[in-house]
Structures are given as structure tokens and as C-alpha cells.
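Please look over the structure below with the following numbered points in hand. They are written for a colleague who has not seen it before.

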Amino acid sequence: MTIADPPAAPDANESGSSTRALAGPAPLLPVMAATAEGAWVTDVEGRRYLDLTADPALAFGHRHPALLAVATEQLGRLTATSAVVADDRADGFADALAALLGAEAVLPVGAGDDALRAAVDVVLGAAGERATVVVAAGSHPELVASGAVAVPFGEVDALVAALDAAVAAVVLEPVQARAGVVGAPEGYLEAVRQATADRGIALILDETRSGLGRLGDTVALAGGGMAPDLRVLGPALGGAIVPIAAVVGSRALLGGVVAPASVSSLASAIAHRVVEMLEAGELQNRARALAEHLAGRVEALVGAGAVAVRTAGVWAGVDVDPAVVTAPEVARRLVARGVLVDVVGESTIVLAPPLIIRATELDWAIEQLRVVLAA
């Protein structure tokens with residue numbers, strides 16, 4: 001399947017500024033979506049595209065029927081309440097998520113960034129005189145800008161050397177999204193968990209992009225007494241319908257915390273259904289099979305237009321030589337072949353298919369990428 005003549009990018013006037021009333025930069029890809037279902041997006045002119053973009057909200061695809069059903073039911077009864085009363089959905093969602101992860105408490109939050117800030121604030125508020133946060137280079141630039149100490153990702157000795165008496169928390173992603181899908185080396189997270197526990201330092205895992213099935217397991221560091229003090233989960237909870245995130249952890253840390261923003265009853269209802277889908281385990285099993293399939297397909301691209309590839313679950317970073325072709329240019333060329341991807345910088349193409357994608361669809365998309373890279 002080949003789709004030609006993608007729609008043009010937004011017009012610019014003679015001064016070079018966009019004529020769009022909508023503030024902010026134009027999207028990377030010249031596609032104006034009108035409808036979507038499953039792994040596919042259709043634009044305003046009827047062209048269809050297989051969506052492999054890296055938006056974590058789309059982990060379960062577009063308009064998942066089970067999530068649409070609960071959203072429709074909830075829209076008919078209650079969508080939101082004021083902060084002075086409780087709704088009948090929030091407790092059920094929190095209880096189900098805590099049970100799924102073996103946690104004691106859940107703090108629902110409106111968005112992933114808010115959840116991460118809340119997690120850090122919770123730890124700093126409980127840490128007394130300790131006030132330093134350690135992160136891995138390649139993640140969390142907003143924390144670094146606020147004074148966090150950055151250490152090389154994947155190097156246990158370097159991280160341990162930074163754990164002085166002032167450190168209250170270590171914040172890590174199991175897979176660094178902004179660095180181009182860079183996964184933690186085997187044993188790294190476990191070693192960091194042990195080092196922080198030994199020193200009374202909180203470990204916060206940011207799983208807003210990697211959690212809830214993306215890596216084949218529900219979350220990282222599950223079981224065996226290795227759970228982090230706080231776990232941040234993100235947009236996938238909203239099923240690409242509503243924004244919602246959560247901080248999950250101990251009652252000692254979260255018991256007295258007030259949510260930084262209210263979460264609607266609609267969001268709680270949808271997130272509860274997401275948790276029920278994950279409880280069954282079928283999505284995780286599917287993700288493990290897809291992960292193996294994806295790794296085998298993208299590895300064949302090395303030397304055929306790609307200079308390196310990395311995979312982490314159903315997630316891949318494909319590096320190109322920007323002196324030959326840039327990642328944004330590859331992404332734009334893929335639009336003409338009916339595939340949507342994201343990029344990191346000038347050299348990395350990011351593939352993050354929804355977990356409901358068929359293996360045959362994934363094969364077709366990677367073949368389109370192979371053709372573009374070979375051109």
C-alpha cells in the first residue's frame with residue numbers, strides 16, 4: 001500500500017510567519033487527522049496512515065472499543081464533580097491500580113508532568129534537610145534546570161558516587177525516551193534500587209512512557225521487594241480519550257497528599273477500565289510477542305540505511321546518518337507511504353506502535369521504512 005501526495009504543510013505569509021490562528025509551531029508531519037480507529041488514522045482527504053507515533057496515550061490504539069464503551073456510559077451519568085465532594089469512580093480506580101501493582105496508595109493527577117512534579121515534591125517534603133535530586137543524563141531536563149544532579153545513565157558506580165547526604169531522591173526512566181529509546185542495562189535498576197534503599201533515599205521511577213505494558217510487563221521492578229518508593233504512570237491510563245496520570249507508592253509518602261489538580265470522574269472510569277484490561281494479562285503477553293517480532297525486523301535495517309537500532313519492548317529507536325538524510329526528512333517521506341512516526345533530534349526515528357497492532361501491519365510499516373532508507 002502506497003499513499004501519495006500528502007497534504008501540504010500550513011501556509012506561511014510573506015513575513016514567514018504562519019497564518020494559523022492556533023498558537024505554537026506546526027506539527028512535524030503534514031497530516032491533518034480527521035478520524036482514527038485502532039492503529040490507523042485517516043486524514044481530512046481520506047488518506048489512511050498506520051500510526052507508529054510515540055505518544056504514550058496511544059498505547060492501546062485509537063478509540064479502543066472497551067474504553068469507548070465505558071466513556072459513553074460514564075458520559076450518561078457523571079463527568080466531573082467539584083473538589084468538595086467525592087465521585088463514585090475515583091476509589092474504584094485507585095483500589096484497582098494499587099492492587100494491580102501491589103502498592104498501598106494512589107494519587108490521581110491530571111497529567112504526566114504534574115504527576116512527576118508531585119512525586120518529587122512529596123519526597124522533598126518528607127526528606128527534612130535533604131534537598132537534592134539525582135537524575136540520569138538524557139532524561140528530565142526540567143529537573144536539571146531546577147538544580148538536579150545529572151549522572152550518566154546505566155552507570156551504577158557513577159550514580160552511587162553522587163548519593164551524598166543531601167540527596168533525597170533518584171528519578172529514573174526505565175527507558176529514556178528523549179534520548180532516542182535507550183533502555184537501562186540489565187541489572188541497573190535493581191542495583192540502583194538496592195543502593196537507594198541502603199541509604200534511605202527514595203527511588204522514583206518515571207514510567208509515564210514505558211509503563212502499562214509497553215515493555216511487555218505491566219511496570220518495571222515489580223515484585224521481589226524491589227518496587228520503587230514512588231512510581232509515576234502516565235497518559236496510557238486515559239486510553240487516548242482523556243488526560244490522567246497517577247503517582248503510586250507507599251501510604252507513608254502519599255497518605256496526606258492533596259492532588260495538584262482534580263481528576264474527572266470520566267477519567268477515573270476510563271482509567272479503571274484500563275487497569276482491568278491489564279489485570280487480564282493478555283495485553284502484556286501480546287506486547288512480549290510483538291517486542292520479539294519488532295526487534296527482529298528493525299535489526300535488519302542496520303547497514304541498509306540505518307546506522308544503529310535499539311529496541312525496548314514494543315518500542316524502537318532507529319538511527320540514521322543526518323549527513324545522508326535526517327530523521328525528520330525520513331518521517332516526512334514515510335507520510336507519502338502511509339506511515340506516521342516520531343523523531344528525536346536529527347538522527348533518530350522512533351517507532352512506538354500501539355499494543356493492539358497486528359504483526360502483519362508492523363511488518364508492512366517497517367518495509368515502508370526500509371524502502372525510504374534505501375532511497
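1. Leaving aside neighbours within four places in sequence, leucine 97 is in contact with Val106, Leu233, Ala246, Val248 and Val275. Please keep in mind, here and in the points that follow, that this is a predicted model.

2. Leu97 also belongs to the largest nonpolar core, which has 73 residues, and is listed there among those with the most contacts inside the core, together with Phe60, Leu237, Ile349, Leu351 and Leu369. Helix α8, which covers residues 265-280, gives the most to this core, with nine residues. Apart from the largest core lies another one, of 25 residues, and among its members are Leu107, Ala168, Ala245 and Val247. As general background, nonpolar side chains in soluble globular proteins tend to be buried together.

3. Leu233, one of the contacts of Leu97, leads on to the strands, since Leu233 lies in β11 and stands opposite glutamate 207. Strand β11 (residues 230-233) runs parallel to β10, and four bridges join the two. Strand β7, made up of residues 167-172, likewise pairs with β10 in the parallel sense, over four bridges; in that pairing, valine 171 has isoleucine 204 of β10 as its bridge partner.

4. How many of the residues of β10 are buried? Six of the six are, so that the strand, which spans residues 202-207, is mostly covered, a residue being called buried when its relative accessible area is under 20%. Ala202, Ile204 and Asp206 point one way from the strand, whereas Leu203, Leu205 and Glu207 point the other way, and all of them are buried. In general, the side chains of a regular strand alternate between the two faces of the sheet.

5. Turning to enclosed space, the count comes to two cavities of 30 Å³ or more. The largest has a volume of about 40 Å³, and its lining consists of Gly38, Ala39, Asp51, Leu52, Thr53, Leu58, His62, Arg214, Ala352, Pro353 and Pro354. By class, this lining divides into six nonpolar, three polar and two charged residues.

6. For the second largest cavity, the volume is also given as about 40 Å³. Ala54, Asp55, Pro56, Arg209, Arg214, Trp315 and Ala352 line this second cavity, and they comprise four nonpolar, no polar and three charged residues. A reader comparing the two linings will find Arg214 and Ala352 in both of them.

Key: Residues numbered from 1 in each chain as written. Predicted model: local features only at pLDDT ≥ 70, side-chain atom pairs only at ≥ 80, totals over all residues. Heavy atoms only, no water. Buried < 20%, exposed > 50% of the residue type's maximum accessible area, 1.4 Å probe, protein only. Pairing = 2+ DSSP bridges. Core = buried A, V, L, I, M, F, W, Y, C linked by side-chain atoms within 4.5 Å. Contact = heavy atoms within 4.5 Å. 1 Å grid on protein atoms, 1.4 Å probe; cavity = no way out; pocket = protein on both sides within 12 Å on 5 of 7 lines; lining within 4 Å. Points joined across faces, edges and corners; volume = space filled by probe spheres on them. Nonpolar A, V, L, I, M, F, W, Y, C, P; charged D, E, K, R; others polar.
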